[in-house]
Amino acid sequence: MFASRDSIRSASAVIDIAFTDRLGGVSLPPFDTLDLSRFRGDRGDELESNLALVADAFGVAGFAGMRQVHGADVRVVDSIGLATGSCDALVTAVADVALMVRVGDCAPVVFADVGTGVVAVAHVGRGGLAAGVVPATVATMRELGAASVEAWVGPHVCGGCYEVPAPMRDEVAAVVPTSYACTTWGSPSLDIGAGVRSQLERAGCAVRDHSRCTVESPDLYSHRRDGDRSGRFAGLVVRRPVTDE
Ligand SMILES: [Zn+2]
């Protein structure tokens, strides 16, 4: 169910972070079994069943999600459900509103400021990296009062696997130089993780690396590896209020 989990705590809040894998759901091959993709039709209540299983395991009522488009728009939400319009990052200051970002090679990034309890998720592929969705998310959190933002970078395709045409590498590296990379076989590639980390550091965030390569990990979905036969996994975050017992 979870590729990794983490938790941070202050006197007033506990913030839980998780990245799902492809285990523990109800999806049939080749999408077995915890496919959280929004894009496959004709599968009955499979998506709702998987979302309910994840919500139950994560201890929440449901998730705020988004229609992701590889841009840099950030939406502030205060309730669960699909955010209006399209965007690639969600931010909330509301306790118990869990956020979800769905990926299958792009980097899922989860953000939290334990002082104010402001949390966020972002979807970062090469488009979002170049468009600046990471700094835009941090800026929106700061507008809501966040002072000390930590960021968790989840599983994504690594620079050794993410082959792209040379002009595409040049285009993205012109904006984010740290993303310039080569595959393990020597051809042009992009290192999305390195690019995200440099943007986070420049934005003053502490970075917690929860990444591993989706292409090289059979327990994770990878569009690079499996094409249209790939599902999506998710990055999750929620702030829970601390109650005095
Ligand atoms: Zn790899």
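Select G59 first: this residue follows helix α1 and has a positive phi, near 75 degrees. The model on display is a predicted one.

**Helix α1**

Step back from G59 and select residues 46-58, which form α1. The helix has 13 residues and spans 18 Å from its first C-alpha to its last, close to the 18 Å expected at 1.5 Å a residue. Show the side chains of L47, N50, V54 and F58, the buried residues of α1. They lie on the same side of α1, because the arc that they cover around the axis is only 70 degrees. Next, colour E48 and D56, exposed residues carried on the face turned away from the buried side. To see what the buried residues of α1 pack against, add β2, β7 (98-103) and β14 (233-241).

**The six-stranded sheet**

Those three strands lead into an open sheet of six strands, ordered β1-β2-β14-β7-β3-β5, with mixed pairing. Which strands stand at its edges? They are β1 (2-9) and β5 (81-86); each has a single partner strand, so one side of each is left without a neighbour in the sheet. Viewed along the sheet, neighbouring strands are turned by 20 degrees against each other on average, direction ignored.

At the β1 edge, select residues 13-20 as well, which make up β2. The strands β1 and β2 run antiparallel and are joined by seven bridges. For one of the paired positions, select R9, whose bridge partner in β2 is V14.

**The loop between β2 and α1**

Continue into the loop between β2 and α1, where P30 lies. The peptide bond joining P29 and P30 is cis, with omega about 5 degrees. T33 has its place in the loop between β2 and α1 too, and a cis peptide bond joins D32 and T33, with omega about -10 degrees. For context, most residues other than glycine have a negative phi, and most peptide bonds are trans.

**Two positive phi values outside glycine**

Now select H70, in the loop between β3 (63-67) and β4 (74-76). H70 is not a glycine, yet its phi is positive, about 65 degrees. Because 17 C-beta neighbours lie inside 10 Å, H70 counts as partly exposed.

Move on to D96, in the loop between β6 (89-92) and β7. The phi of D96 is positive, near 70 degrees, in a residue other than glycine. D96 has 13 C-beta neighbours inside 10 Å and therefore counts as partly exposed.

**The nonpolar core and strands β8, β10 and β13**

Turn next to the largest nonpolar core, which has 71 residues. Select A98, L99, V109, V121 and V237, the residues with the most contacts inside this core. Strand β9 (residues 118-124) contributes the largest share of the core, six residues.

Centre the view on V109. Which residues does V109 touch, not counting those up to four places away in sequence? The contacts are V121, A122, V124, V134, A151, V153 and V196. V153 is also the bridge partner of V109 in β10. Select the two strands β8 (residues 107-113) and β10 (residues 150-153): four bridges join them, and they run antiparallel.

From β10, extend the selection to β13 (residues 206-209), which pairs with β10 in the parallel sense over four bridges. End the tour at D209, the bridge partner of V153 in β13.

How values were computed: Residues numbered from 1 in each chain as written. Predicted model: local features only at pLDDT ≥ 70, side-chain atom pairs only at ≥ 80, totals over all residues. Core = buried A, V, L, I, M, F, W, Y, C linked by C-beta atoms within 7 Å. Buried ≥ 20, exposed ≤ 12 C-beta atoms within 10 Å, placed from the backbone. Contact = placed C-beta atoms within 7 Å. Pairing = 2+ DSSP bridges. Axes fitted to C-alpha atoms, helices over the stretch in contact; angles between N-to-C directions. Expected span 1.5 Å × (residues − 1). Arc of directions from axis to C-beta.
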